Amino acid sequence: AHRLPLPYNAMPKNVIIIGAGFGGLGCAKTFADAKDSSAIAVTVIDAKSWFTIGGTWQYAWAGRVDTSSTTWDLSKCGAQFPGVSMLLDTDVASLDLEGKKVVLGDGTALEYDHLVLSPGVVGDPSSVPGMDATLDMYSHDSIERQRADVQDIIADARAGETQTLLVAIGAVPYKCPVAPFEAAFIADDVIRRAGVRDQVDIVVTAPVAWPLPDPAKEVFSRLFEEKNVRFLPEKTVVSIEGGVKAEFADGDCIAASKIWSVYPQRAPDFVKATGACNPRGFVPVNIATNGVEGSDGVYCIGDCCGIAVGGKPHPKAGEFAWQMGEMVAHEIMRTEGYEHSRLGACIAECGAGAGVLVAPDYTQCVKDPEGGKPSCAIQDRKTDGEAAKLDWVNKYIRNIFGEGGRRFEPAAAA
């Protein structure tokens, strides 16, 4: 693929990407890899100076790696992003979409021709009284607490006390839809290895009938039964008392030893303040371009954007965010002959080296927003699920940090 020659006054000159996660880096890498992109100045802004992959966190709380092994220093990725400026440890205070400016925390105003929003989402438990006292599964800061929770459950079970671990999904959509189930399966594996699984009840609740693609339901239902993990659908959490007692909209209650919550998620405050968000707190976009309607030159990719297909949320995390970033870069560069793929892989580990590959494909939906239908392939990887996941993680580490990037290599499960 190559870019069409554009008249100078039509050439995008200044692109600002907010967020150095999968989406932002996928976009920046596409610009960096493009031939003759010297006319485009690309700046990536992130409040952090490190990159992480959420799919590595369970190895830390399961005791197989140190938490420090789940982050990578973004200052070391420059060789993979030639020509891209990175403003790390830099907060965004506000956005002026009409004036095409990004205002930083120190008051500096940066002008743009194109703005790519990829800031991720924030967990906001304010709509569920008491949820803020529970563990936020989607916060990197929760890893050590999660590790301690598992050890507390094991210690109390060994002392003869019946335990309950509740994984409560607060609202949909949420990023990485398989993660709550994966957490339950990994907790099952760790507790089972400790010899006290019979003393522990593991429960996953969701406010909808099924939060994953429908084709995944059969294999996950079998896994629930095999691992004695209870899945309770259509359970909307309305309050949590004392951090351990969940009350649901249907009047049911679950008294737990520990609660791991998927907080309701939304766009960060500086995005929300623009008025671009829908009532659920996400930025609606055109699925064919990820453009934000009514905002010239503005795109939103990854978890922050709002896309639904057939009434169900479109996956937006990880590989899907990276692909959205690629597409937006090619859209801005007007790449001739670019063929977009929206096929993503997500592997839910099940313990003991097993995993389930969930591979939704939304390529036809992007090509034909009105008539295109998604598909989804499911593979029950009984022996090499974990190996496939580690290969996937390390593929993106190479993409971002090069062949010299630190590989992710957890110890074997004890």
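Biologist: Which residues of helix 1 meet helix 7?
Modeller: The model is a predicted one. On the side of helix 7, the contact involves Glu-319, Ala-321, Trp-322, Gly-325, Glu-326, Val-328, Ala-329, His-330, Ile-332 and Met-333. By class, the residues of this contact divide into 10 nonpolar, five polar and three charged. The residues that helix 1 contributes are Phe-22, Gly-23, Leu-25, Gly-26, Cys-27, Lys-29, Thr-30 and Phe-31.

Biologist: Are helix 1 and helix 7 oblique or roughly parallel to each other?
Modeller: Helix 1 covers residues 22-33 and helix 7 covers residues 319-333, and their axes lie 7 Å apart. The packing angle is about 40 degrees. Roughly parallel would require an angle under 35 degrees, so the pair of helix 1 and helix 7 counts as oblique.

Biologist: Is the crossing of helix 1 and helix 7 left-handed or right-handed?
Modeller: Handedness depends on whether the near helix is turned clockwise or anticlockwise from the far one. For helix 1 passing helix 7, the crossing is right-handed.

Biologist: Is Thr-90 buried or exposed?
Modeller: Thr-90 sits in the loop between strand 6 (84-87) and strand 7 (92-96). Leaving aside residues up to four places away in sequence, Thr-90 touches Ile-45, Asp-46, Ala-47 and Leu-104. Its relative accessible area is 17%. The cut-off is under 20%, so Thr-90 is buried.

Biologist: Which strands are the edge strands of the open sheet with the order 27-28-29?
Modeller: This open sheet has three strands with antiparallel pairing. Neighbouring strands are turned by 15 degrees against each other on average, direction ignored. An edge strand pairs on one side only, which is the case for strand 27 (346-351) and strand 29 (375-381).

Biologist: Which residue of strand 28 stands opposite Cys-346?
Modeller: Strand 28 spans residues 354-361 and pairs with strand 27 in the antiparallel sense over five bridges. Opposite Cys-346, strand 28 places Val-358.

Biologist: In what sense do strand 14 and strand 15 pair, parallel or antiparallel?
Modeller: Strands of a sheet pair through backbone hydrogen bonds, in either of two senses. Strand 14 (residues 200-205) is joined to strand 15 over four bridges, and Val-203 stands opposite Arg-230 in strand 15. The sense of this pairing is parallel.

Biologist: Which residues form the covered face of strand 15?
Modeller: Strand 15 runs over residues 229-232 and has two faces, one covered and one uncovered. Arg-230 and Leu-232 belong to the uncovered face. The covered face is formed by Val-229 and Phe-231.

Notes:
Residues are numbered from 1 along each chain as its sequence is written. This is a predicted model: local features need pLDDT of at least 70, side-chain atom pairs count only at pLDDT 80 or more; totals for chains, interfaces and linings use all residues. Side-chain values use heavy atoms; hydrogens and water are left out. Buried means under 20% relative accessible area, exposed over 50%, partly exposed in between (1.4 Å probe, protein chains only). Contact means heavy atoms within 4.5 Å. Two strands pair if DSSP finds at least two bridges between them. Axes are lines fitted to C-alpha atoms, for helices over the stretch in contact, and angles run from 0 to 180 degrees between N-to-C directions. Angles under 35 degrees count as roughly parallel, over 145 as roughly antiparallel, 65 to 115 as roughly perpendicular and the rest as oblique. Ala, Val, Leu, Ile, Met, Phe, Trp, Tyr, Cys and Pro count as nonpolar, Asp, Glu, Lys and Arg as charged, and the others, Gly among them, as polar.
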